[in-house]
Structure formats: structure tokens, C-alpha cells
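New to this one? Have a look at the model below, and then we'll walk through it piece by piece.

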Amino acid sequence: MDMELDELKKTWHRLDEQLKEKPLAGEEQIARIVEQCKGQARHSLSCINGFQRWSLWGAGAVMLVALIAAFIHLPEVPAERLDKYYVLLAFIALSFIAALVWDFFSYRLVRDIKVDQMPVAEVARRMELFHRRTNREVVGISGWLLLCTGVQYWYYELYLWPATTQLTYVGLILLFDALLVYLLYKHLIYKPMHNAEKNIRRINKL
């Protein structure tokens with residue numbers, strides 16, 4: 001009887017030790033999942049930030065080249081088209097300046113999201129802010145592309161072309177612009193952004 005009692009005590013002690021170890025194992029597993037999610041979120045934000053940095057430098061370089069080319073071409077513009085040409089130059093310059101300012105603040109917003117240093121709720125709040133800003137950016141770019149097409153239509157006097165040619169030209173331009181915006185934002189902004197948001201939500205649920 002005493003032997004059976006001793007065996008029972010040993011078994012009970014062994015089970016008790018296993019139960020004590022399980023919470024620790026669970027905590028370690030949660031810590032690993034959190035670290036993995038943070039790493040994936042950091043990578044996604046880094047991809048977005050890299051694209052934005054490239055966009056800033058690229059837009060600045062293109063604006064500089066475009067304006068230099070425009071002023072070089074200025075003497076060749078007929079006198080009767082100078083007014084239109086100045087309007088076109090102003091449109092291009094203002095568009096690039098607005099894009100640079102917007103991209104700069106978007107870049108700073110993403111750059112300042114510190115996944116390892118901020119509370120998860122703060123990271124989620126900033127990601128939501130960036131998501132809304134990106135949605136507005138897509139709407140703004142879509143409107144700008146329509147306006148840009150209108151300026152080209154006016155400057156190059158496309159309204160003098162045959163109606164079928166006008167419709168074909170404008171339709172192809174808008175289709176190309178829409179596909180370009182869709183592909184760029186889907187793969188370079190929205191895809192990594194959704195991945196970062198998914199990992200932040202996963203951490204929140206743990």
C-alpha cells in the first residue's frame with residue numbers, strides 16, 4: 001500500500017511539473033510568434049519606405065530634367081503658342097511640387113512607425129492613418145491624370161482631330177494610366193501595407 005502511495009505521489013509530482021512547464025512553453029511560443037510578426041511588419045514597412053524614397057528622388061530628378069528641357073525648347077515655340085506653353089509649364093511645375101510635398105510627408109509617416117519601440121495600438125493607429133492617406137492619394141492621382149489628359153487635349157489641340165481618333169487616343173491614354181496606377185499601388189504599396197496590417201492584428205490578438 002505504501003509503495004502504491006509513493007508511486008501515486010511520484011506520478012502526481014511529475015504531472016504537476018509538466019503543468020508548470022506548459023505555461024512557460026506557451027509564453028515562449030507566443031514570444032516567437034510576436035517576434036516573427038514584428039519582423040514581417042518591419043520588412044513590409046521597409047519595402048514601402050524604399051519605394052517612397054525612390055519616388056521622392058525620381059520625381060525630383062524628372063521634374064528637374066523636364067523643366068530644363070522645357071526651357072531649352074522655349075525658343076522654338078511659336079509666338080502664338082507661348083501663352084499655352086507657359087500654362088503647360090506652370091501645370092507641370094505645380095504638379096511636381098505638390099507630388100514632392102505629399103510624398104515627403106507620406107515617407108516621414110511610414111519612416112516614423114517603429115514596430116519594436118511603439119505599443120501595438122500606436123503602430124496600428126499609424127498604419128490606419130497611412131492606409132487612409134494612401135486611399136486619398138490614389139483618388140488624387142486619378143483626378144490629376146484626368147486633368148493632365150485634359151491639359152494635353154487643350155495644348156495639342158486634339159479637338160481638331162477626327163472624333164474617332166480623339167476617342168481612341170484619350171481612351172488609350174486613360175487605360176494606360178489606370179493600369180499603371182493599379183499595378184504600382186497594388187504591388188508596391190497595398191500588398192506590403194496589408195501584410196504589415198495583418199501581422200499587427202495578429203499580435204493584437206495574442
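## The overall picture

Let's start with burial: of the 206 residues in this protein, 29% are buried. Keep in mind that what you're looking at is a predicted model. The protein has four helices and zero strands, so reading along the sequence gives you the pattern α-α-α-α.

How do the parts of the chain meet? Take the contacts between residues at least 6 apart in sequence: 77% of them join residues at least 24 apart. One pair to look at is Ala66 and Leu89, which sit 23 residues apart along the chain, with 9.3 Å between their C-alpha atoms. Ala66 belongs to helix H1, which runs over residues 2–73, and it counts as partly exposed because its relative accessibility is 28%.

## The outside

The accessible surface comes to about 14,200 Å², and carbon and sulfur atoms account for 67% of that. There's also a nonpolar surface patch of about 580 Å², made by Val87, Trp154, Tyr159, Leu160, Trp161 and Tyr169.

Tyr169 is a handy member of that patch to pick out. You'll find Tyr169 in helix H4, residues 163–205, and its relative accessibility of 30% makes it partly exposed.

## Helix H3 and its buried side

Is the length of helix H3 what you'd expect, or is it off? H3 has 36 residues (120–155), which at 1.5 Å a residue should span 52 Å; the C-alpha atoms at its ends are 51 Å apart, so the two values agree.

H3 also has quite a list of buried residues, including Val123, Met127, Phe130, His131, Arg133, Glu137, Leu145, Thr149 and Tyr155. As background, an α-helix has 3.6 residues a turn, so residues three or four places apart point the same way.

Two of those buried residues, Leu145 and Thr149, are touched by Asp177, a residue of helix H4. Asp177 is itself buried, yet it has no salt bridge. Which side chain of opposite charge is nearest to Asp177? That would be Arg81, and it's 19 Å away.

## Glu157, a residue with two partners

Just after H3 comes Glu157, with a positive phi of about 55°. Glu157 is not a glycine, and that's worth a second look: most residues other than glycine have a negative phi. Glu157 is found in the loop between H3 and H4, and at 27% relative accessibility it counts as partly exposed.

Glu157 forms a salt bridge with Arg81, where the closest N and O atoms are 4.0 Å apart. Arg81 lies in the loop between H1 and helix H2 (82–111), so this pair ties together parts that are 76 residues apart in sequence. Glu157 also forms a salt bridge with Lys84, with 3.4 Å between the closest N and O atoms. Since Lys84 lies in helix H2, this pair ties together parts that are 73 residues apart in sequence. Lys84 counts as buried, because its relative accessibility is 16%.

## The other salt bridges

How many salt bridges does the structure hold? There are eight. One of them joins Glu35 to Arg42, the closest N and O atoms being 3.9 Å apart. Both ends of that pair are partly exposed: Glu35 at 44% relative accessibility and Arg42 at 33%.

Glu35 and Arg42 aren't on their own, either: together with Asp116 they are linked in a network of salt bridges.

Technical notes
Residues numbered from 1 in each chain as written. Predicted model: local features only at pLDDT ≥ 70, side-chain atom pairs only at ≥ 80, totals over all residues. Heavy atoms only, no water. Helix = DSSP H or I, 4+ residues; strand = E, 2+ residues; numbered from the N terminus. Buried < 20%, exposed > 50% of the residue type's maximum accessible area, 1.4 Å probe, protein only. Contact = heavy atoms within 4.5 Å. Areas by Shrake-Rupley, 256 points an atom, 1.4 Å probe, with all protein chains shown as cover. Patch = residues over 30% accessible without salt bridge, like charges linked within 9 Å, V, L, I, M, F, W, Y side chains within 5 Å. Lys, Arg positive; Asp, Glu negative; His and termini not counted. Expected span 1.5 Å × (residues − 1).
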